[in-house]
Amino acid sequence: MSRRVTPALMASTVLMAGLVGCSADTRPSQSGQAPPVEPKAAATPTPQVPAGKAPQRAFAVGVRQLKLDRDGRALPTTLWYPAAGQSGGAAKRSATAAEGRFPVVMFSHGLGGRPDDYATLLTRWAAAGFVVAAPTFPHTSRGADNNVLDVLNQPADVSYALDQVLALDGKAGDALRGRLDGERVAAAGHSAGGVTTIGLFTASRDERLDAGVVFAGTALGVGTAFAGAAAPQLFVHGELDEVVEYAAGKAAYDKVPWPKAMLSLPKGDHGRALLSDGATLRVVSDTSVEFLRWSLYGDPAARKRIPTDATRGDIATFDDHL
């Protein structure tokens, strides 16, 4: 059954200097405009995904590009997906998709970033059995004008890209025909992409979304009026974040009325660990994979593994209200 997008409620506002430098070091001047008035939340306690079992094997990973455009806003979108063949190694361009129907995760990059910056993390999600779609935003990607205010247009961009990605499931001749499970969808994002993700559950609620993953995000500009059916949330934030203060991310997390957890990195910064392969990324990727297995596949065994992955190696602490 189709779940439609709730009309956006965003008012004109400013995202402050803390959002700039999501994947770069430049920062704009600060503005004094007031944040928007938050509408009343309309959360319900019923999760949308029935119990199931996630794939336990690792998949090979394919990658392809979609040329998307929303009313003149170019949104080239990278797709990573489970592919046929031997697992491991780099993602293979336009590889044959694996057999099965896979949940979809929409990923939003940070200011001054691009989807490929997060390829290590996103290919791990794809190898675990998820189709990951990551738009390149027209005004906040590397090489663009870094217009931080345009972050407020990005939730609508993600919803549009999701429309186009899900349409591939029924498109004759497409490599992903019959491979996409449009009833199991999550949104995720880093920094400005984290703002975008929070917006998809608040002011621009997309009712198709069953879960969210927010890396170094804040609710500035999109509010904390979480609305619609319960959608579990995983927040990940470095306590030494020099761009988006940890307290700002924790404040947004505290407002989530649904099942939720927060992975806190005592030595973590704004998220450079997401851009390289190391011990911190392994904890973040393993924890987020199990969270997605539970929240999208409905796998209860994955739920039990989340705290163990989150606290492995004493790299992070874990606030668990899932």
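In the predicted model considered here, Arg-305 is partly exposed, its relative accessible area being 27%, whereas Glu-290 is buried, with a value of 7%. These two residues form a salt bridge in which the closest N and O atoms lie 2.9 Å apart. The pair links distant parts of the chain, since Arg-305 belongs to helix H6 (residues 300–310) and Glu-290 to helix H5, with their positions 15 residues apart in sequence.

Helix H5, which spans residues 279–297, also provides the largest share of the largest nonpolar core, namely 9 residues. That core comprises 89 residues, and the members that touch the most others are Val-104, Val-105, Phe-107, Leu-122, Trp-125, Phe-215 and Leu-292. In soluble globular proteins, nonpolar side chains tend to be buried together. The surroundings of one of these members, Val-105, can be described in further detail. When its neighbours within four places in sequence are set aside, Val-105 is in contact with Trp-125, Phe-130, Val-131, Val-132, Ala-133, Ala-186, Ala-188, Leu-292 and Leu-296. Among these contacts of Val-105 are Trp-125 and Leu-292, both of which are also listed with the core members that touch the most others.

Across the whole structure, a search finds 20 salt bridges. One salt bridge joins Arg-64 to Asp-174, with a separation of 3.0 Å between the closest N and O atoms. Because Arg-64 lies in strand S2 (residues 60–66) and Asp-174 in the loop between helix H2 (154–167) and strand S9 (180–190), the pair ties together parts of the chain that are 110 residues apart in sequence. Both partners fall under the 20% limit for burial, with relative accessibility of 15% for Arg-64 and a relative accessible area of 12% for Asp-174.

A further salt bridge, at 3.2 Å from N to O, is formed between the side chains of Glu-99 and Arg-179. Here too distant parts of the chain are linked, with Glu-99 in the loop between strand S6 (92–93) and strand S7 (102–108) and Arg-179 in the loop between H2 and S9, 80 residues apart. The two partners are set in contrasting surroundings: Glu-99 is exposed, with a relative accessible area of 64%, while Arg-179 is buried, with a relative accessible area of 18%. Beyond these individual pairs, Arg-70, Arg-73, Asp-150 and Asp-157 are connected to one another in a network of salt bridges.

Technical notes:
Residues are numbered from 1 along each chain as its sequence is written. This is a predicted model: local features need pLDDT of at least 70, side-chain atom pairs count only at pLDDT 80 or more; totals for chains, interfaces and linings use all residues. Side-chain values use heavy atoms; hydrogens and water are left out. A nonpolar core is a set of buried Ala, Val, Leu, Ile, Met, Phe, Trp, Tyr and Cys residues joined through side-chain atoms within 4.5 Å. Buried means under 20% relative accessible area, exposed over 50%, partly exposed in between (1.4 Å probe, protein chains only). Helices (H or I, at least four residues) and strands (E, at least two) are DSSP runs, numbered from the N terminus. Contact means heavy atoms within 4.5 Å. A salt bridge is a side-chain nitrogen of Lys or Arg within 4 Å of a carboxyl oxygen of Asp or Glu.
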